[in-house]
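Hi,

Here is the structure I promised to pass on. Have a look at it first, and my notes on what turned up follow below.

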Amino acid sequence: MSVTHQLSRREARQIAVRAQLLDAHRPAGLLDVVRGLTLLQLDPTAAVAPSAHLVAWSRLGREYAPADLEEAVEQRSLVELRGMIRAAEDIPLYRAEMAEWPGEPGGWRHQRAEWVRANDDCRRDILDRLAADGPLPSRDLPDTCAVPWKSSGWTNNRNVTQLLEILVQAGEVAVAGRRGGERRWDLASRVYPDAAVPDAAEAKRRRDERRLASLGIARGRAAECPVEPQDVGEAGEPAVVEGVKGVWRVDSRQLARLGRPFEGRVALLSPFDRLVYDRRRTAELFGFDYQLEMYKPVAKRRWGYYALPILAGDRLVGKVDTIADRASGVLRVHAVHEDADLDHEAVLGELVSLAAWLRLDPPEEILSVK
């Protein structure tokens, strides 16, 4: 029977920060970042920089260039899968799930499978065109659907794009790369590595282990989250955290590192950074109140359109309301919101570094501290 470890909140935070590659020891390069985090989430918002690039910069600093990511995808060492960039060697763990799609009878997956079956001629037309001419953007693929895709939202009648998304889940097509942000599609067999695919149960076990290794500490069970779960099943070892209800799962390698001195640093994080992505976990372990407010009316925003959380050592201490003003060539800072004592010089240093990486002039001053 496993021993339930007793952790202080500080120990839990240090585990999370180290696992997310945000302590003082920076990774060697982009592949090490993606292998360690298991993913870079793609998001088109570029108020500062696209999130995948911002997450990489937070780990690597000025040495990281966005072209590195494009090159790695082009060379297939990294692969885009359902809006996430993953290491190529991890793809077989997701192909196991594809092989069983749509899974158990009932539910939305089977409804989608029925729609695909009703449009099997279109499916075959797309696969044939990709086989002959791929990679191709979706606009170059034929729409011969007999039954249009029905939706009350923006996807209504977007037959080809919806069919492609479903064929990704079924393992028949894949994103081969992007040009100008536009996805280019190809047969999955030409994009994914030719490697053995484990059975579904083994694949899930290994995905849970990889996810826990990237988070350091996580819940065994959590609410369902699309694409990338926030729970880790039975991976790792059980632990309780002082002052926090419930049992957690902790990566054994991170437990072994608790005896070593923790060396932290100041970092500015993307709103989609995995350290803060699970807002409940962020509140429980870090006592940090944060939401992405870009979808809120201006009058209801507390911190700004795209405020970047500030990490200092093992604490989240504030947010920077900043934006890349590319028209003027300046990184503008509207406010720094202080949740705890800030090292203003260190935060300003990170903003200057961010501006240099973005090839913008640094902020002349921090306009306000709240």
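The charged end of Arg-274 is placed over the ring of Tyr-277, 4.3 Å from the ring centre. A second case involves Arg-207, which lies over the face of Tyr-94 at 5.5 Å from the centre of that ring. Please keep in mind that this is a predicted model, and that the values below are computed from it.

**Aromatic pairs**

How many aromatic pairs does a search of the whole structure find? The count is five. One of them joins Tyr-64 and Trp-357: the ring centres are 6.1 Å apart and the planes stand at 35°, so the pair is tilted. This pair links distant parts of the chain, since Tyr-64 belongs to the loop between helix H3 (51-60) and helix H4 (66-74), while Trp-357 is in helix H14 (residues 344-358), 293 residues apart. Are these two residues buried or exposed? Both Tyr-64 and Trp-357 are buried.

Phe-288 and Tyr-290 give another pair, with ring centres 6.0 Å apart and planes at 15°, so this one is stacked. Phe-288 and Tyr-290 are buried too. You will also find a cluster, in which ring pairs link Trp-57, Tyr-64 and Trp-357.

**Helix H3**

Trp-57 from that cluster is also among the buried residues of H3. In fact ten of the ten residues of H3 are buried, so the helix is mostly covered. Others on the list include Ser-51, His-53, Arg-59 and Leu-60. What do the buried residues of H3 pack against? Their partners are helix H2 (30-37), strand S2 (40-41), H4, strand S11 (266-268), strand S12 (308-312) and H14. Just after H3 comes Gly-61, which takes a positive phi of about 75°.

**Helices H7 and H8**

Two packed helices are described by the angle between their axes and the distance between the axes. For helix H7 (residues 120-133) and helix H8 (residues 159-169), the axes come within 11 Å and cross at roughly 80°. That makes H7 roughly perpendicular to H8. On the H7 side, Cys-122, Arg-123 and Ile-126 take part in the contact, and they meet Val-160, Leu-163, Leu-164 and Leu-167 in H8. Sorted by type, the residues of this contact are six nonpolar, no polar and one charged.

**Two buried positions**

Ile-15 is found in helix H1 (residues 9-19). Its relative accessibility is 1%, and because buried means under 20%, Ile-15 counts as buried. Which residues does Ile-15 touch, leaving aside those up to four places away in sequence? They are Leu-7, Leu-215, Gly-216, Ile-217, Val-250, Gln-254, Leu-255 and Leu-258. The C-alpha atoms of Ile-15 and Leu-215 are separated by 8.1 Å, although the two residues are 200 residues apart along the chain.

Ala-239 sits in strand S9 (residues 237-241). Ala-239 is buried as well, with a relative accessible area of 0%. Not counting residues up to four places away in sequence, Ala-239 touches Thr-4, His-5, Leu-7, Gly-246, Val-247, Trp-248 and Val-250. The C-alpha atoms of Ala-239 and Ile-217 are separated by 8.9 Å, with their positions 22 residues apart along the chain.

Happy to go through any of this with you.

Best wishes

Key: Residues are numbered from 1 along each chain as its sequence is written. This is a predicted model: local features need pLDDT of at least 70, side-chain atom pairs count only at pLDDT 80 or more; totals for chains, interfaces and linings use all residues. Side-chain values use heavy atoms; hydrogens and water are left out. Rings of Phe, Tyr and Trp (its six-membered ring) pair if their centres lie within 6.5 Å; planes under 30 degrees apart count as stacked, over 60 as edge-to-face and the rest as tilted. Helices (H or I, at least four residues) and strands (E, at least two) are DSSP runs, numbered from the N terminus. Buried means under 20% relative accessible area, exposed over 50%, partly exposed in between (1.4 Å probe, protein chains only). A charge sits over a ring if NZ of Lys or CZ of Arg is within 6 Å of the ring centre and within 35 degrees of the ring normal. Axes are lines fitted to C-alpha atoms, for helices over the stretch in contact, and angles run from 0 to 180 degrees between N-to-C directions. Angles under 35 degrees count as roughly parallel, over 145 as roughly antiparallel, 65 to 115 as roughly perpendicular and the rest as oblique. Contact means heavy atoms within 4.5 Å. Ala, Val, Leu, Ile, Met, Phe, Trp, Tyr, Cys and Pro count as nonpolar, Asp, Glu, Lys and Arg as charged, and the others, Gly among them, as polar.
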